[in-house]
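Visitor: I'd like a close look at one small part of this chain. Could you walk me through it?

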Amino acid sequence: MVPHFDLNGKVALVTGGSKGIGFGMAYALGTYGAQVVLVSRGQAEGELAAKRLQESGCKAAYIPADVTSKQQVENAVQMIVDNYGSLDILVNNAGMNIRKPLVDLKEDEWDRVMLVNLKGIFLVGQAAAKQMIRQNRGRIINISSILGTIGLPYQTAYAASKGGINQLTKVWAEELAPYQITVNAIAPAYIKTPMTEGWLSDPARLQKIVEATMLKRVGELSDLIGPVVFLASDSSAYVTGQILTIDGGWTAR
Ligand code: NAP
């Protein structure tokens, strides 16, 4: 009856693992024993991130790939299976945002957000699921946002993409349950990362966010360690199709 959070022997793929939330989650999984493999486009940054994880005592590697390329995604998954023998955990995290008023958002900006945040999640999830079905086990953790549920200004494309992630999380949970693969999403509010540092640097905006949050602060990478380790571990064996919101109480109001 003792909960299991140990990830020794597990192999985890973290897309967008070179910085921000992906890096924090890779650190969390690596600290709990998983072999982590980071995927991103910027090779120098990705290699440096893997090196930093190794220096912290984690088993870490890096594979350059663009999540919007089916070929590159499939090659990355194949390399992981060839090198480490399995793929047990996917943190489907790579994402981007273009914040603009509805009337100013250009068509190609909408397309870019959808391509990375929705098609990328689909392509990586599909490639990982094929391997996990062969193994008859797996954990898929999609990174959504509170914007998958609530609306905020200037988030037309981003909120639509995150709403889509919440929906495909539920669909995949149902489809993959027969193979003992659980599929859940983590939906954070604002976390300090390279993606949000410019947005959060406006004191008036920051104050509004803090006021909207019951716990009166913006999230830190450390706030995501417990949730991702829980969803990646044996402790969450009976949890699937869920959106775990990490928002200091914002959306409960
Ligand atoms: P970030 O600091 O900008 O990091 C994004 C990561 O994704 C980088 O490693 C980036 O590396 C990679 N990436 C971007 N496009 C990619 C592509 N096409 N192929 C492969 N990798 C790609 O972002 P973040 O703030 O950590 O956000 C990570 C995830 O959390 C996103 O899905 C975001 O929507 C979600 N989220 C963030 C917050 C927040 O407040 N920060 C809140 C809720 C949800 P390269 O550019 O080198 O490829």
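Visitor: Between which helix and which strand does the loop with Asn-136 lie?

Guide: Keep in mind that this is a predicted model. Asn-136 sits in the loop that runs between helix H4 (107-135) and strand E5 (138-143). Look at its backbone there: phi of Asn-136 is near 60°, a positive value, and the residue is not a glycine. As for how much of it shows, Asn-136 has 41% relative accessibility, so it counts as partly exposed, since that class covers the range between the 20% and 50% cut-offs.

Now slide along the chain to Gln-180, where phi is also near 60°, again a positive value in a residue other than glycine. Gln-180 belongs to the loop between helix H5 (156-176) and strand E6 (181-188). Its relative accessibility is 53%, and exposed means over 50%, so Gln-180 counts as exposed.

Let's zoom out to see what these loops are part of. The chain holds eight helices and seven strands. Its radius of gyration is 17 Å, close to the 18 Å that the globule rule gives for 253 residues, so the chain is as compact as a globular protein of that length. Along the principal axes, the C-alpha trace spans about 50 × 45 × 40 Å. Buried residues account for 51% of the 253. Take the contacts between residues at least 6 apart in sequence: 74% of them join residues at least 24 apart. On the outside, the accessible surface comes to about 12,000 Å², with 55% of that belonging to carbon and sulfur atoms. And the charges? There are 24 positive and 22 negative ones, and their mean positions are 2 Å apart.

Notes. Residues numbered from 1 in each chain as written. Predicted model: local features only at pLDDT ≥ 70, side-chain atom pairs only at ≥ 80, totals over all residues. Heavy atoms only, no water. Helix = DSSP H or I, 4+ residues; strand = E, 2+ residues; numbered from the N terminus. Rg over C-alpha atoms; globule rule 2.2 N^0.38 Å. Buried < 20%, exposed > 50% of the residue type's maximum accessible area, 1.4 Å probe, protein only. Contact = heavy atoms within 4.5 Å. Areas by Shrake-Rupley, 256 points an atom, 1.4 Å probe, with all protein chains shown as cover. Lys, Arg positive; Asp, Glu negative; His and termini not counted. Charge placed at Lys NZ, Arg CZ, Asp CG, Glu CD.
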